[in-house]
Amino acid sequence: MVMSVASLVGCASQQKKDTPVVKDVHVSGNDQISSRQIKQKILTTGTGWWPFARKQLFDPVAWQADLERIRRFYVAKGFYQADVVRSEIQPRPPDGVALEVEVREGQPTHVGKLDIQGLEALPAADRDAAVSKLPLSVGAVFREDDWAAAKRLLADRLRNRGYARASVEGRALVDVKTRLAALTLIVAPGRPYAFGAIEVDAAPGARVPSAFVWEQVRLAIDEGEPYSDSALEEAQRRVFGLGVFATIRVTAGEPDDATGRIPIRVVVREGPFRTLRLGVGVRADAIRNEARFVGEWSNRDFLGGTRKLIARAELGWAFLPNVYAVVRNDIAEAPRNGPIARLRLEFEQPRLFARPSLRWRNTLEIDRTLEQTYNSLSTRAMTGVVWQVLSTLAVFPAYRVEVDYLDGAPINSAATAPLTLGCQTTTDHCFIWLSYLDGLVTWDRRDHVFDPRRGTYLSLDLQGGGGPLGGDFEYARVLPDARAYGSFGDGDALTLAARLRVGQLWPASGDPDDSAVVTRFYAGGGVSMRGFADRRLSPLLLVPPPPGADPNLKVTVPIGGNGMIDGSFEARYSVTPSLRLAAFVDFGQVTHGRIGPGDLPHVLWAVGAGIRYLTPIGPIRVDLARRLPFGDPPVLYQADTVTGAIGPVAYTPNDSCFGLFGSHVATPVPDNLCVLHISIGEAF
C-alpha cells in the first residue's frame with residue numbers, strides 16, 4: 001500500500017513538472033470589451049513578470065471551459081452573436097506556452113421595449129419613486145447586470161417605502177435577428193407595513209443589558225414608522241457603534257397582516273471585552289524619517305455598563321532630515337534625532353444622563369515629538385460629550401487644555417521667538433499653555449474608514465481659546481474638511497477621490513505673530529500637499545546654523561501660518577487584489593496671515609504617481625510628486641542682526657529634481673521640486 005501511494009505521488013509530481021507554464025494570454029478582435037475584463041472572467045491566467053511570481057500551469061480542460069466562459073460573458077454584456085473564432089496554443093521554449101484567442105463581437109442587443117406591471121394600484125408618489133432612473137431604458141444595450149440591478153433596485157425602493165414583502169420578477173424575450181429585447185417587469189408590492197415592537201435575542205448570561213441594544217434600535221426606528229430596509233441598516237450601525245458585539249443582525253420579523261406591523265428582531269452576541277493590539281508605523285520623506293511601535297489595550301466593559309477604558313502607547317525614533325545624514329553626522333544638513341513617544345488614556349461613559357445618544361469622553365495624553373522648528377514635550381487633557389445624532393452624524397463639543405514645553409533652534413533676537421516657539425523669550429525654550437473650547441461635527445458616509453471606495457466625508461472643527469478660559473493665547477480657529485469617493489469599472493477597479501481643506505486662524509489682537517506655534521497651519525507631507533516634505537509648505541524662517549557648522553550655512557525652519565488651503569484629486573486603480581496604482585494632483589498654500597480670495601492665484605500645484613501594496617495593517621504607500629511651475633513659493637523671513645526686526649527676503653527656489661537637472665542656483669531654501677513619500681495608509 002505504501003509503495004502504491006508513493007508511485008501515485010511520484011507520477012503526479014512528474015506530470016506537474018512536465019506541464020507547460022502559461023507565459024501569456026492574448027485576446028484579439030475585441031473592441032467593445034477590454035481584454036482585462038475578459039481575462040478576469042476566465043480561470044487560465046498568465047504567469048506574472050515580477051520575480052518569484054507563482055507559475056501558472058496550463059490546463060487544457062480548463063482552457064476549453066474558458067472559451068465557453070468568454071462566449072457566455074459576451075452574452076451577459078448584450079452581445080448575443082459573439083463567438084470565439086480562433087484559439088491557438090503556441091510553444092514558448094523552454095517550458096511555456098502562449099495562448100491566443102480571437103473573438104468576433106458582432107453588434108450588441110438593445111432594449112426595444114420595457115413594460116412595468118403591478119404598480120397601478122400604488123399612490124402616484126410611491127409609483128414614481130419606484131421607477132425613477134432605473135438602470136435600464138429603451139434604446140440602451142441589454143446587459144444582464146443592468147437587468148438584475150433594475151429588478152433589485154425596484155424591489156429595494158418599494159421596501160424602503162413600506163412595502164416589506166415587495167417582489168419583482170422579470171421576463172426577457174431576445175430576438176437575435178433584430179437584436180432587440182422585449183422586457184417585462186412584474187411587480188408584486190403587497191400591502192404597506194409599519195414597524196412594531198423590538199425583540200432582542202442575546203446569549204444567556206450576557207453582560208450587556210438587552211435594554212442598551214433596545215435603546216439604540218429605537219433611536220433609529222420609531223414604533224409605527226413606515227417599514228424600510230434603510231432604517232434596519234441604520235439600527236444595525238447604531239448597535240455596532242456600541243463596540244461590544246462580535247455578531248449583530250437586525251432584521252424584520254414575521255409581518256402581522258391583521259395590524260400591519262412588523263416586529264424588529266435583533267440578534268447580538270458579545271465579543272471579547274478586553275483586547276491587546278500591536279503594530280508598527282513608518283514614515284519617510286526628504287525632511288523626516290521615523291518608525292514607531294504601537295500598542296493598544298482596551299477594556300470595553302470597564303466597571304460594567306459598557307464603559308470604555310483605552311490605553312495606547314507609541315514609541316519610536318525620528319531622524320531629521322533622514323537616517324543617512326544622522327549616521328554620517330553631516331553638519332551641513334543640521335541633523336537631529338531622538339526618541340518620539342505618545343501615551344494616551346481614554347475613558348468613555350455611555351448613556352450620559354440616561355440618554356443613549358450621548359457619550360461622555362475624557363482623554364489624557366503625553367506626547368514627545370521632534371519637529372524641524374522645535375522639540376516638544378506636551379501634556380493634553382480633554383473632556384467632552386459626543387452626541388451621536390445618526391450613525392453617520394456626530395457632534396462633539398469639548399473643553400481642552402494643553403501645556404507645551406518647546407525648545408528650538410538658537411535665536412539671536414527676541415523678535416524671532418514668537419515665530420519659532422510662539423512665545424516671548426530670548427532663550428531657546430519656553431512653556432506655553434492653551435485653554436480652549438473645541439467643537440467637531442462629522443458626517444461620514446464612506447463605505448470604509450481606512451480604504452474608502454464610495455461615499456463622502458464632511459467635518460467642521462471650531463476652536464476658541466483664551467479670554468475667560470485663560471491660557472497664553474486668545475484666538476479662534478476653523479478647519480472644514482470635505483472628501484468624496486466614487487468607484488467605476490468592472491469590480492470597481494477605478495476609484496476617484498477628492499479632498500479640500502481650508503483653515504483660518506484669528507488671533508484676538510489681529511497680529512498674525514500672536515498665534516501659538518502649535519495651533520498654526522502647516523501643509524506638506526504624505527497626507528497633505530505631496531509636492532513638499534512634511535510641514536515644509538509653510539512660511540519659513542532663516543535661523544543660525546547649528547554649533548560646529550559652517551557659519552555661512554543657511555538653515556530654514558517652518559513657522560506655520562494663520563491661513564491654509566489644501567486639496568487633492570487622486571485616481572486609484574486596482575491592478576490585482578493586493579496591488580494598486582495611483583495618480584494624483586495636489587494643491588495648497590499656507591499664508592502668514594489669514595487666507596483670502598486674493599491668495600488663490602498663488603496656490604502651488606504638484607502632480608505625481610504612486611503604488612500601494614495592500615496588507616492586513618493597511619496599504620504600504622509609495623508616492624512620488626513633482627511640483628509644477630505655478631504659484632508662489634513659501635515666504636522666507638529673516639531677522640535683522642542689528643535691529644532684530646523680522647522681514648521677508650527674496651530667494652530663488654531650488655528648481656532641481658533630487659539635485660538633478662535645474663539651474664543649481666545657490667539658495668537658502670533647499671526644497672527641490674521632487675519629493676518621495678513612504679508611509680502606511682492612504683493619503684485620505
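This is a short walk through some strands, a helix, a disulfide and a few aromatic contacts in one structure.

Okay, thanks everyone. Before anything else, keep in mind that we're looking at a predicted model.

Let me start with strand 9, residues 261–270. What does strand 9 pair with, and which way do the partners run? On one side of the pairing list there's strand 7, residues 194–202, running parallel to strand 9 and joined to it by 7 bridges. If you want a place to look, find Ala202, which stands opposite Val268 in strand 9. Then there's strand 8, residues 245–252, which runs antiparallel to strand 9, again with 7 bridges. Here the spot to click on is Ala252, opposite Ile264 in strand 9.

Now helix 7, residues 229–240, which packs against those strands, among other elements. It has 12 residues, and at 1.5 Å a residue you'd expect a span of 16 Å; the end C-alpha atoms are 17 Å apart, so that agrees. Which residues of helix 7 are buried? The list goes Asp229, Ala231, Leu232, Glu234, Ala235, Arg238 and Val239. So you'll notice that Asp229, Glu234 and Arg238 are on that buried list, along with Ala231 and Leu232. As for what those buried residues pack against, we have strand 7, strand 8 and strand 9, plus helix 5 (144–159), helix 6 (210–220) and strand 15 (374–390).

Moving along the chain to the cysteines. How many disulfides are there? The count is 1, and it joins Cys657 to Cys674, with the sulfurs 1.8 Å apart. The two cysteines are 17 residues apart: Cys657 is in the loop between strand 28 (646–649) and strand 29 (674–680), and Cys674 is in strand 29 itself. The torsion about the S-S bond is about -110 degrees, so this one is left-handed. Buried or exposed, these two? Cys657 has a relative accessible area of 18%, so it counts as buried, and Cys674 is buried too, at 5%.

Right, aromatics. There are 9 aromatic pairs in the structure, and I'll show you two. In the pair of Phe302 and Phe347, the ring centres are 6.3 Å apart and the planes sit at 80 degrees, so we call it edge-to-face. Phe302 is in the loop between strand 11 (289–299) and strand 12 (308–320), while Phe347 is in strand 13, residues 336–350, so the pair ties together parts 45 residues apart in sequence. Phe302 is partly exposed at 25% relative accessibility, and Phe347 is partly exposed at 23%.

The other one is Tyr405 with Phe431: centres 5.0 Å apart, planes at 50 degrees, so that pair is tilted. Tyr405 is in strand 16 (residues 393–408) and Phe431 in strand 17 (residues 429–444), 26 residues apart. What about their exposure? Tyr405 is partly exposed, at 27%, whereas Phe431 is exposed, at 59%.

There's also an aromatic cluster to look for, made of Phe569, Phe587 and Trp605.

Last thing, two arginines sitting over rings. The charged end of Arg530 is over the ring of Phe584, 3.8 Å from the centre. And Arg535 has its charged end over the ring of Tyr522, also 3.8 Å from the ring centre.

That's what I wanted to show, so over to you.

Methods:
Residues numbered from 1 in each chain as written. Predicted model: local features only at pLDDT ≥ 70, side-chain atom pairs only at ≥ 80, totals over all residues. Heavy atoms only, no water. Pairing = 2+ DSSP bridges. Helix = DSSP H or I, 4+ residues; strand = E, 2+ residues; numbered from the N terminus. Disulfide = S-S within 2.5 Å. Buried < 20%, exposed > 50% of the residue type's maximum accessible area, 1.4 Å probe, protein only. Phe/Tyr/Trp six-rings, centres within 6.5 Å; stacked < 30°, edge-to-face > 60°. Lys NZ or Arg CZ within 6 Å of the ring centre and 35° of its normal. Expected span 1.5 Å × (residues − 1). Contact = heavy atoms within 4.5 Å.
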